[in-house]
Amino acid sequence: MSEGTLEMKRLRVGSGCSIGAVADDWNGRGRCIGARIRGVNVGILDEQVLVLVFRALNWDPQALCSVARVSRRLRAVAERVLWRELCGSRAPRMVSALTAGSSSAPGSGRVGGGWPALAKLLLFCCGAAGAGVPGHFAPVSRFSKTSGRSFLSRRCGGDLLYVSDPCEHAVPGTAGDEDVGAYRGVFRGFMRSRTRACLVGGRAPLEPRVRCPYCGARVWSVTAAGLAPRSACRRLGAHEGRLEYFVCVSGHLHGSCWLARLSDSDGERDGSGSLSDDGDAFGASEEEDDRRMAL
């Protein structure tokens, strides 16, 4: 018989009160007996206590992963609260923008694919399977909604998309030891986005062999659907026609490209201020409004 059941029997026999009254009693150590009887989280399983612990650890993702593997209850707390708090700590403005319009407070709403998937997207470079580049932990990344605009066709210019800077990897054995860039991103409200409407309306097929590396959902090839603008290559500094990216049904984007080797003069000319195919509607004031973060 569990400790809670024994405690209930002792209290009921000793005081003659009902179970409902016992549920609100407090023991001499200041702990609610009813809460323990009903199985409410207490002690280290209390959500507020865990938030304070991980805040003191600066939201260490490896420690959070270890705690989430201890039990189903801790995993549930991590998925519901801790991963959300980690995302808000690492990228507060980005999370606020992604959850804008929800009925709850900013940063506490839902995101496509769930908070664990978004946390993985922030901290993990998926690599480039086609070039034999494995995924890896990426503690420092920069996500920008201005970069995201360069990945949207004219028809989808109203969507909000954050895209990371490419993570560069040398690929030995290629001509001139070329570099491949791996990048990732996330849409806000993908289910209502113009990009999804174009993919579904154009009957773009879901890829049979590719899955989202962040949530495991099926993906569309945006390149194969003809929705990848040339501005994406220019933004990344990639060879034209050597870029591919996918978006999953939850709104996570991932892809890779072969990076062009630029001289110093090219780098100055093709910097972050280069215009996209959507025209010059995105002026300097919006460029300065990039959502930047240091993970």
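How many disulfides does a search of the whole structure find? Let's work through that one and a few more. This is a predicted model, in which local features need pLDDT of at least 70, side-chain atom pairs count only at pLDDT 80 or more, and totals for chains, interfaces and linings use all residues. Residues are numbered from 1 along each chain as its sequence is written, and side-chain values use heavy atoms, with hydrogens and water left out.

**Exercise 1. Check the cysteines for disulfides.**

Step 1: Set the rule. A disulfide is a pair of cysteine sulfur atoms within 2.5 Å.

Step 2: Run it over the whole structure. The search comes back with 0 disulfides.

Step 3: Look at Cys-126, which is in no disulfide; its nearest cysteine sulfur belongs to Cys-125 and is 5.5 Å away. Cys-126 counts as buried, at 16% relative accessibility. Here buried means under 20% relative accessible area, exposed means over 50%, and partly exposed is in between (1.4 Å probe, protein chains only).

Step 4: Now try Cys-215. Its closest cysteine sulfur is in Cys-248, and at 3.7 Å that is too far for a bond. Cys-215 is partly exposed, with a relative accessible area of 28%.

**Exercise 2. Find the largest nonpolar core and say what builds it.**

Step 1: Define the core. It's a set of buried Ala, Val, Leu, Ile, Met, Phe, Trp, Tyr and Cys residues joined through side-chain atoms within 4.5 Å.

Step 2: Pick the largest one. It has 37 residues, and those with the most contacts inside it are Leu-64, Leu-82, Met-94, Leu-118 and Tyr-162.

Step 3: Trace the suppliers. Helices H4 (47–56), H5 (61–68), H6 (72–90), H7 (92–98) and H8 (115–123), plus strand E9 (238–248), each give at least two residues to this core. Helices (H or I, at least four residues) and strands (E, at least two) are DSSP runs, numbered from the N terminus. H6 provides the largest share, 8 residues.

Step 4: Zoom in on Leu-64. Leaving out residues up to four places away in sequence, Leu-64 touches Phe-54, Trp-59, Ala-78, Leu-82, Trp-83 and Leu-86, where contact means heavy atoms within 4.5 Å.

Step 5: Look for another core. Apart from the largest core lies one of 24 residues, including Tyr-183, Trp-220, Leu-227 and Ala-238.

**Exercise 3. Sort out the aromatic pairs.**

Step 1: Apply the cut-offs. Rings of Phe, Tyr and Trp (its six-membered ring) pair if their centres lie within 6.5 Å; planes under 30 degrees apart count as stacked, over 60 as edge-to-face and the rest as tilted.

Step 2: Count them. The structure holds 5 aromatic pairs.

Step 3: Classify Phe-54 and Trp-59. They are stacked, at 6.1 Å centre to centre with 15° between the planes. Phe-54 is buried at 2% relative accessibility, and Trp-59 is buried at 3%.

Step 4: Do likewise for Phe-187 and Phe-190. This pair is tilted, with 5.2 Å centre to centre and 55° between the planes. Phe-187 is buried at 7% and Phe-190 at 4%.

Step 5: Look for a cluster. Ring pairs link Phe-151, Tyr-183 and Tyr-245.

**Exercise 4. Describe the E7–E8 hairpin.**

Step 1: Check the pairing. Strands E7 (residues 206–211) and E8 (residues 218–221) run antiparallel and are joined by 2 bridges; two strands pair if DSSP finds at least two bridges between them.

Step 2: Find a partner. Arg-211 is bridged to Arg-218 in E8.

Step 3: Inspect the turn. The hairpin has 6 residues between its strands, and Gly-216 in the turn has a positive phi of about 80°.
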